[in-house]
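This note is addressed to a colleague who is meeting the structure for the first time. Please keep the sequence and the model in view while reading.

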Amino acid sequence: MRSNVLDYSLIAPPTLTGVLEALASQPGLTPIAGGTEIMVALAAGHLPQKHLISINHLRELRFIDVTASNLTIGSGTTYTDIRRHPVIAVDFPLLVQAASWTGSIANQNRGTLGGNIVNASPAADSPPALLVYDAAVTLVSTRGERTLPYRDFHLSYKKSVLAPDELLYSITLPRKFAGYRAYIRKVGPRNAQAISKVALACLALVENNLITDIRIGAASLREVPTRCPAAEAALLNQPITPETWPATIAAARAALIAEARPIDDIRSTARYRASIAANLLEEFLHQLAI
């Protein structure tokens, strides 16, 4: 049943300062950027938040800054902006790939990186890439700003450290992954416009046939987007040799399945998700040996 729009209110202060002041003075406001999640819920009659504050028009949140050591993306930056940026394409190809499969072109034109993060879905497309790239997030309010590792942002299902008066301002990625082997894959019921059953992003640095750094980020394996530390530990400092590699792959698969905590839902089963995630990891590891 469609929602009655008369039950809702929307304000749109013209500046970031105005938005932060409204969030501080009017408890219960929910920010809306691209609206690709909120408007679906509204149309279906399932949007509990009654008081919205638009941030889609804020130019202060839509930027991509590049320095020698970091790349910082404003939370209002769209997926189309990300797909088209030449530095992101070279330095952070996993994020570009994730952006390319986030909904339709229309969704990518409106949907924002910040919205994808704050919506806090464990199946979201961008978090696995952000996790392996060591992203940091900066939160702002009238009280000031704070920056923390993205891996510490999500607390539990749909819950985060974001306070009611805070906005996600930006996401910063260190430009330190040159030379890493990269992999990302999403498994869903179709190739486009589908919520993932499971997704995996991986980065590995291989030096003299030895894995000296390994990063594995996953969607839909836990109640929040997550790194996979047990699988990473099974692979770190392991040699890629014909004699040992099959056993290493088997150990990494077992570690990933053991640490996964997926759920059964309408899209898939927990057993399927864990098994497919292990298959994706094995696919990446076979590529490392080539």
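The points below concern a sheet, the helix beside it and the aromatic pairs of this predicted model.

1. The sheet is open and consists of five strands, arranged in the order β4-β5-β10-β6-β7 with antiparallel pairing. Strands β4 and β7 (144-149) occupy its edges; each has a single partner strand, so one side of each lacks a neighbour in the sheet. From one strand to the next, the twist averages 20°.

2. At the β4 edge, the pairing with strand β5 (residues 70-74) is antiparallel and runs over three bridges. Within this pairing, V66 has L71 in β5 as its bridge partner. In general, the strands of a sheet pair through backbone hydrogen bonds, in either a parallel or an antiparallel manner.

3. Helix α1 (residues 16-25) packs on the sheet, where it touches β6 (136-141) and β10. The direction of helix α1 makes about 120° with that of β10.

4. The count of aromatic pairs comes to six. In the pair of F63 and Y169, the ring centres are 5.6 Å apart and the planes stand at 45°, so the pair is classed as tilted. F63 belongs to the loop between β3 (51-54) and β4 (64-66), whereas Y169 belongs to strand β10 (residues 167-174); the pair therefore ties together parts that are 106 residues apart in sequence.

5. As to exposure, F63 is buried, with a relative accessible area of 17%, while Y169 is partly exposed, at 24%.

6. An aromatic cluster is formed by F92, Y133, F177 and Y180.

Note on methods: Residues numbered from 1 in each chain as written. Predicted model: local features only at pLDDT ≥ 70, side-chain atom pairs only at ≥ 80, totals over all residues. Heavy atoms only, no water. Phe/Tyr/Trp six-rings, centres within 6.5 Å; stacked < 30°, edge-to-face > 60°. Helix = DSSP H or I, 4+ residues; strand = E, 2+ residues; numbered from the N terminus. Buried < 20%, exposed > 50% of the residue type's maximum accessible area, 1.4 Å probe, protein only. Pairing = 2+ DSSP bridges. Axes fitted to C-alpha atoms, helices over the stretch in contact; angles between N-to-C directions. Contact = heavy atoms within 4.5 Å.
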